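Colleague: I am new to this structure and would like a close look at a single part of it, taken slowly and with the surroundings filled in.

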Amino acid sequence: MTEVATPSITESSKQDRGAPVVRIRDLHKSFGDLEVLRGVDMEVEKGEVVVILGPSGSGKSTLLRCVNKLEEPTAGEVWFEDVMVNDPKTNINEVRERIGMVFQSFNLFPHLTAKGNVMLAQRKVLKRSKEEAERIAIEQLTRVGLDDKIEYFPSQLSGGQQQRVAIARALAMDPHVMLFDEVTSALDPELVRGVLEVMRALVEAGMTMLVVTHEIGFAREAADRVVFMDGGVIVEEGTPEDVFDRPRSERTQDFLGHIR
């Protein structure tokens, strides 16, 4: 099997910032009487890697899902590039073509090979020809270290390999930003490394990323900014060094003390 390249994450990969790709303004989200997000403000610049930490129920995943309107905000605004995502007039399917999202569950079609899974959305959504979709699928599967598993079905792959297929599928759509929602939390510890290597390579390539994770090592090495959430609000944010080594909030200190 081809190993995924693990280049060091250099400052050169964290330059050339531009206008914010994602802008979140006073975001609220309630499920009935439960208010999950309570006035969140956030921006993610082009090429920036933002890692969101927090306990279960803090609103992390809900925030991520509001970015591509998998959850409808109760109030506030979510902007992606120059489009207000939660404007009723917005064609959300067109917006989602530019936002890649990878979930904790792999959501692969069991009757399709790895290549077939990566080809499907290209054919259905982007209307690419079979030949082009196949070429891109092979390129992206090779990129995530699965060039020898292209014709394998999901049942023949480990959990980590299936997650890498899911990442390849998202990358094949040429996204402007990648959202990762606890993508390693369902994996056995020995399978986590391969997925994180792929994510580190994306950082090195300059991909804009919004990542919900408890992988402190990845956050410390790869993030430009770490955001700690609790109770539906942002409690603290800053560089990895600031948040991990010099946390200001007692709540942040307590949380980090339990997961280190």
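Is phenylalanine 228 buried or exposed? Please start from there and then lead me outward into the rest of the fold.

Modeller: Please keep in mind that this is a predicted model. Phenylalanine 228 is buried, with a relative accessible area of 1%, and phenylalanine 255 is buried as well, at a relative accessible area of 7%. These two residues belong together, for a search of the whole structure finds one aromatic pair, and phenylalanine 228 and phenylalanine 255 form it, with their ring centres 5.0 Å apart and an angle of 40° between the planes, so that the pair is classed as tilted, the class for planes neither under 30 degrees nor over 60 degrees apart. Because phenylalanine 228 lies in strand 9 (residues 225-230) and phenylalanine 255 in helix 9 (residues 250-259), the pair ties together parts that are 27 residues apart in sequence.

From that pair we can turn to the nonpolar interior. The largest nonpolar core has 49 residues, and those that touch the most other members are Leu53, Ile167, Phe180, Met199, Met209 and Phe218. Helix 6 (residues 189-204) gives this core its largest share, seven residues. A second, separate core holds 28 residues, including Val21, Leu37, Val44 and Val177. In soluble globular proteins, nonpolar side chains tend to be buried together.

Phenylalanine 218 shows what such a core residue meets: leaving aside residues up to four places away in sequence, phenylalanine 218 touches Val51, Leu196, Met199, Arg200, Val203, Met209, Val211 and Ala223. Several neighbours in that list bring us back to helix 6, where the buried residues are Val192, Gly194, Val195, Leu196, Glu197, Val198, Met199, Arg200, Leu202 and Val203. The buried residues of helix 6 pack against strand 3 (49-53), helix 4 (130-143), helix 5, strand 7 (177-181), strand 8 (209-212) and helix 7 (216-222). The 16 residues of helix 6 should span 22 Å at 1.5 Å a residue, and the end C-alpha atoms are 23 Å apart, which agrees.

After helix 6 comes glycine 206, which has a positive phi near 90°. Glycine 217, by contrast, lies in helix 7 and is partly exposed, with a relative accessible area of 49%. The C-alpha atoms of glycine 206 and glycine 217 are separated by 19 Å, although the two residues are 11 residues apart along the chain.

Helix 5 (residues 159-171), one of the partners of helix 6, has 13 residues and reaches 19 Å from its first C-alpha to its last, close to the expected 18 Å. Helix 5 is mostly covered, with 13 of its 13 residues buried.

In the loop between helix 4 and helix 5 we find lysine 149, which, although charged at its end, is buried, with a relative accessible area of 14%. The charged end of lysine 149 sits over the ring of tyrosine 152, 5.4 Å from the ring centre, and the side chain of lysine 149 also makes a polar contact of 3.2 Å with the side chain of aspartate 148. If residues up to four places away in sequence are left out, lysine 149 touches Ala114, Leu157 and Gln161. Elsewhere, the charged end of lysine 29 sits over the ring of phenylalanine 31, at 4.8 Å from the ring centre.

Tyrosine 152 leads on to threonine 113, which touches Ile150, Glu151, Tyr152 and Phe153, again not counting residues up to four places away in sequence. Threonine 113 is found in the loop between strand 6 (99-102) and helix 3 (114-124), and it is buried, with a relative accessible area of 14%. The side chain of threonine 113 reaches the backbone nitrogen of glycine 116 at 3.0 Å.

Two further loop residues deserve a look for their backbone angles. Lysine 69, in the loop between helix 1 (60-67) and strand 4 (75-80), has a positive phi of about 60° although it is not a glycine, and at 18% relative accessibility it counts as buried. Glutamate 81, in the loop between strand 4 and strand 5 (83-84), likewise has a positive phi, of about 55°, without being a glycine, but at 24% relative accessibility glutamate 81 counts as partly exposed.

Notes: Residues numbered from 1 in each chain as written. Predicted model: local features only at pLDDT ≥ 70, side-chain atom pairs only at ≥ 80, totals over all residues. Heavy atoms only, no water. Core = buried A, V, L, I, M, F, W, Y, C linked by side-chain atoms within 4.5 Å. Buried < 20%, exposed > 50% of the residue type's maximum accessible area, 1.4 Å probe, protein only. Helix = DSSP H or I, 4+ residues; strand = E, 2+ residues; numbered from the N terminus. Contact = heavy atoms within 4.5 Å. Phe/Tyr/Trp six-rings, centres within 6.5 Å; stacked < 30°, edge-to-face > 60°. Lys NZ or Arg CZ within 6 Å of the ring centre and 35° of its normal. Polar contact = N/O pair within 3.5 Å; in protein donor to acceptor, adjacent residues only side chain to side chain. Expected span 1.5 Å × (residues − 1).
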